[in-house]
Amino acid sequence: MSLGTRDRGRSSLLGEASSQGSRTYDVEAVTEEENDRGIDAIADRIGLLKKITKDIHTEAETQNRVLDRLVRLCDWNDGNTQNSAPRR
């Protein structure tokens, strides 16, 4: 057995060579998990913003209907008061 072969065998037995590969894999796995958590958090925020936007839109439509009714009522009242007012 040559010195190089013995060193490689010893490294494998001690886990030196494989531990570096394992550490790289662990870092990549942790980074991937962090990315997944970040993506999930962004997706949650986007969902919340979408819901808020829909709620604002619904509220704006409701307020527009209220204002339209108020304008019609004011116009109706204005017409009634002009027709019922005595002319001079």
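**Entry 1: surface.** I started with the outside of this predicted model. The chain exposes about 8200 Å², and carbon and sulfur atoms supply 57% of that area. Next I asked myself how much of the chain is buried. Of its 88 residues, 1% are buried.

**Entry 2: helices and strands.** I looked up the secondary structure and found two helices and zero strands. Helix H2 covers residues 16-84, and I spent the rest of my session on residues I could look up there or on the surface.

**Entry 3: a charged pair.** Which side chains meet in a salt bridge? I found Asp55 with Lys51, at 2.9 Å from N to O. The structure holds one salt bridge, and this pair is it. A reminder to myself: side chains can pair if they carry opposite charge and their charged atoms come close.

I then checked where the two partners sit in the helix. Asp55 and Lys51 are about one helical turn from each other, because they are four residues apart in helix H2.

Are the partners buried or exposed? I noted a relative accessible area of 42% for Asp55, so Asp55 is partly exposed. Lys51 has 48%, so Lys51 is partly exposed as well.

**Entry 4: a nonpolar patch.** Which residues make the nonpolar patch on the surface? I wrote down Leu48, Leu49, Ile52 and Ile56, with a patch area of about 400 Å². I picked Ile52 for a second look and found it in helix H2. Its relative accessibility is 40%, so Ile52 counts as partly exposed, since that value lies between the 20% and 50% cut-offs.

Terms used. Residues are numbered from 1 along each chain as its sequence is written. This is a predicted model: local features need pLDDT of at least 70, side-chain atom pairs count only at pLDDT 80 or more; totals for chains, interfaces and linings use all residues. Side-chain values use heavy atoms; hydrogens and water are left out. A salt bridge is a side-chain nitrogen of Lys or Arg within 4 Å of a carboxyl oxygen of Asp or Glu. Buried means under 20% relative accessible area, exposed over 50%, partly exposed in between (1.4 Å probe, protein chains only). Patches are made of residues with over 30% relative accessible area and no salt bridge: like charges are joined within 9 Å, nonpolar side chains (Val, Leu, Ile, Met, Phe, Trp, Tyr) within 5 Å. Accessible areas come from the Shrake-Rupley method with a 1.4 Å probe; for residues, only the protein chains shown count as cover.
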